[in-house]
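Student: I'd like a close look at a single part of this model rather than a tour of everything. Can you take me through one strand and what surrounds it?

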Amino acid sequence: MGKLYVVPTPVGNLEDMTFRAIRVLKEADLILAEDTRTSGILLKHFEIKNAMQSHHKFNEHKTVEGIVNRIKAGETVALISDAGTPGISDPGFLIVRECVKNDIEVQCLPGATAFVPALVASGLPDERFCFEGFLPQKKGRVTRLTSLQEEKRTMIFYESPYRLVKTLTQFAEFFGAERPVSVCREISKIHEESVRGTLTEVIAHFTQNEPRGEIVIVLSGKKD
């Protein structure tokens, strides 16, 4: 029987790719990629020429059985997403779950993921935290925010730059305008930036300075 490797890829700087990740991708019989065009650039950079197959949220339910059967037949499969660690707000959970159900060995390599550096650099308590990913855009959004009002751990969210100010404004309504927050954008890229302050201060900053790039919001939990 083969094995499934979950392989993190850089969220920005290609130097964040690990030696082990490169070796695993070169040795894999098949690489599952969220977007073969995006991943093709990465693989070409590291001279990785292995077979690649599209694997994303729109087709994973149809392809997972065939992939599991290939691993059972002895193939080694590596899963990557466009950036970061598969399964963290990216496709990955389904194939991992099915492999576990079928007693297939799953190894997840340590590596790049956006929320960890954003949390550590925020200056907010990081010994205990909760990762919320992307909030529901419509249905369930108010319910989710209401459920977090009593949360004492530091909270982490992903957000689009186009919705950032709106989301921060909602946070001010639900958590209080003076709640400390850090907004980290473009992690591991040339224009990486962390903007820290109260929700009021950070809203004012991004109202005057249009946010760009991928966004991680790190919000302080409720104080006793």
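Student: Let's take β2: which of its residues point one way and which the other, and are they buried or exposed?

Tutor: Sure, and keep in mind as we go that this is a predicted model. On β2, L30 and L32 point one way, I31 and A33 point the other way, and all of them are buried.

Now for the sheet around that strand. Five strands make up an open sheet, running β3-β2-β4-β1-β5, and the pairing is parallel. At the edges sit β3 (52–54) and β5 (105–108), each of which pairs on one side only. On average, neighbouring strands here are turned by 25° against each other, if you ignore direction. In that order, β2 sits between β3 and β4, so let's take the two sides in turn, following the general rule that strands of a sheet pair through backbone hydrogen bonds, either parallel or antiparallel.

On one side, β2 (residues 30–33) pairs with β4 (residues 76–80) in the parallel sense, over four bridges. If you want to find the register in your viewer, L30 has V77 as its bridge partner in β4, while A33 is partnered with I80 of that strand. Helix α1 (residues 19–27) packs on the sheet, where it touches β1 (3–6), β2, β4 and β5. The direction of α1 makes about 130° with that of β4. Helix α4 (residues 93–101) packs on the sheet as well, touching β1, β4 and β5, and its direction makes about 150° with that of β1.

On the other side, β2 and β3 pair in the parallel sense over three bridges. One bridge to look up here joins L32 to its partner Q53 in β3. The connection is worth tracing too: β2, helix α2 (residues 36–45) and β3 make a right-handed β-α-β unit.

For contrast, try a helix further along the chain. In α5 (residues 115–122), the buried residues are F115, A118, L119 and S122. Looking down the axis of α5, you'd see its buried residues fall within an arc of 100°, so they line one face of the helix. Those buried residues pack against β6 (129–134), β7 (154–159), β8 (180–185), β9 (193–198) and β10 (215–219). Just after α5 comes G123, with a positive phi of about 80°.

One more spot to check is the loop between β8 and β9, where you'll find E186. E186 has a relative accessible area of 16%, and buried means under 20%, so E186 counts as buried. Leaving out residues up to four places away in sequence, E186 touches H191, E192, R212, G213 and E214.

Zooming out, the protein chain comes to eight helices and 10 strands. Buried residues make up 48% of its 224 residues. Of the contacts with a separation of 6 or more, 70% are between residues 24 or more positions apart. The C-alpha trace spans about 55 × 35 × 30 Å along its principal axes. As for the radius of gyration, a compact globule with 224 residues would be near 17 Å, and the 19 Å of this chain agrees with that.

Note on methods:
Residues numbered from 1 in each chain as written. Predicted model: local features only at pLDDT ≥ 70, side-chain atom pairs only at ≥ 80, totals over all residues. Heavy atoms only, no water. Pairing = 2+ DSSP bridges. Helix = DSSP H or I, 4+ residues; strand = E, 2+ residues; numbered from the N terminus. Axes fitted to C-alpha atoms, helices over the stretch in contact; angles between N-to-C directions. Contact = heavy atoms within 4.5 Å. Buried < 20%, exposed > 50% of the residue type's maximum accessible area, 1.4 Å probe, protein only. Arc of directions from axis to C-beta. Right-handed = clockwise from strand over helix to strand, strands pointing away. Rg over C-alpha atoms; globule rule 2.2 N^0.38 Å.
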